[in-house]
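Trainee: Could you take a close look at one part of this structure with me, and then show me how its surroundings are put together? Please explain each term when you first use it.

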Amino acid sequence: MKNPIKSVIALLIRLYFGYYFLNAGIGKFQTGFNGDSVGGFLKGGLAQTAEAMAAAGKTGKANVTDTWGWLISHVFLPNADIMAVAVKTGEVMIGLGLILGCFTTLAAFFALTMNFSFLLSGTVSSNPQMVIGFLFILYFAAASGAIGVDRFFMHKLVDKFPILNKGFLRHLFPVDAGHRAAIKNTINQAG
């Protein structure tokens, strides 16, 4: 393990937020979270747009942008049942990925996406703290999964699929710098 301090910090963040996501996702499966639940949440977000506030005679700054409000109205609400399945399944998968250290940075990326979706919909809650934690996991890259399942297979996966070592994908499927240099040398010699 090249970066034990980063690995331990990432492990603590992973376990804390992984438990939070896993618990939330399982809770949604147990309580019958469905399209009506998502619809209620999204309608609450719509009520925080400038247009809705003006129509209700409320003054103040809108918490939800008009662009996000359009997405809520035209994309998310009509597909609320699909969104419900995506949210609860996503929370369970993210939680498991973080706890096990399996596809760690990919799980953190999708967790960030989910947290930003909640923030853009006008819900603050614990989302800002989670965003900071997940940014640390992404920043620590390969060290984030060093104490986890990633340690045993990520380099093999990247070796088998070299495209994962290019562009943005290399941030979602990180391997340590020494291994990345070996992959690059192999690709250069082959081509």
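Mentor: Let us begin with His 155, which lies in helix α8, residues 150-160; helices here are DSSP runs of H or I with at least four residues, strands are runs of E with at least two, and both are numbered from the N terminus. This is a predicted model, in which local features need pLDDT of at least 70 and side-chain atom pairs count only at pLDDT 80 or more, while totals for chains, interfaces and linings use all residues. Residues are numbered from 1 along each chain as its sequence is written, and side-chain values use heavy atoms, with hydrogens and water left out.

His 155 is partly exposed, with a relative accessible area of 28%, where buried means under 20%, exposed means over 50% and partly exposed lies in between, using a 1.4 Å probe and protein chains only. Its C-alpha atom is separated by 9.8 Å from that of Ala 142, and the two residues are 13 residues apart along the chain.

Now we can turn to the whole protein, which comes to 10 helices and 0 strands. Its C-alpha atoms fill a box of roughly 65 × 35 × 30 Å along the principal axes, and buried residues make up 37% of its 191 residues.

The aromatic rings come next, and the structure holds 12 aromatic pairs. Rings of Phe, Tyr and Trp (its six-membered ring) pair if their centres lie within 6.5 Å, and planes under 30 degrees apart count as stacked, over 60 as edge-to-face and the rest as tilted. The rings of Phe 17 and Phe 134 have centres 5.4 Å apart and planes at 50°, so this pair is tilted. It links distant parts of the chain, since Phe 17 belongs to α1 (residues 4-30) and Phe 134 to α7 (residues 127-140), 117 residues apart. Phe 17 is buried at a relative accessible area of 9%, and Phe 134 is buried at 0%. For Phe 103 and Phe 173, the ring centres are 6.2 Å apart and the planes stand at 90°, so that pair is edge-to-face. Phe 103 is partly exposed at 29%, whereas Phe 173 is buried at 11%.

Phe 17 and Phe 134 also belong to one aromatic cluster, together with Tyr 16, Tyr 20 and Phe 21.

Finally, consider how helices pack, with axes taken as lines fitted to C-alpha atoms, for helices over the stretch in contact, and angles running from 0 to 180 degrees between N-to-C directions. The axes of α1 and α5 come within 7 Å and cross at roughly 150°, and these two helices are therefore roughly antiparallel, a word used for angles over 145 degrees, while those under 35 count as roughly parallel, 65 to 115 as roughly perpendicular and the rest as oblique. α1 passes α5 in a left-handed crossing, which means that the near helix is turned anticlockwise from the far one by less than a right angle, a clockwise turn being right-handed. Among the residues of α1 that meet α5 is Phe 17, where contact means heavy atoms within 4.5 Å. α6 and α7 pack at about 155° with axes 9 Å apart, and they are therefore roughly antiparallel. Their crossing is left-handed, and Phe 134 is one of the α7 residues that meet α6.
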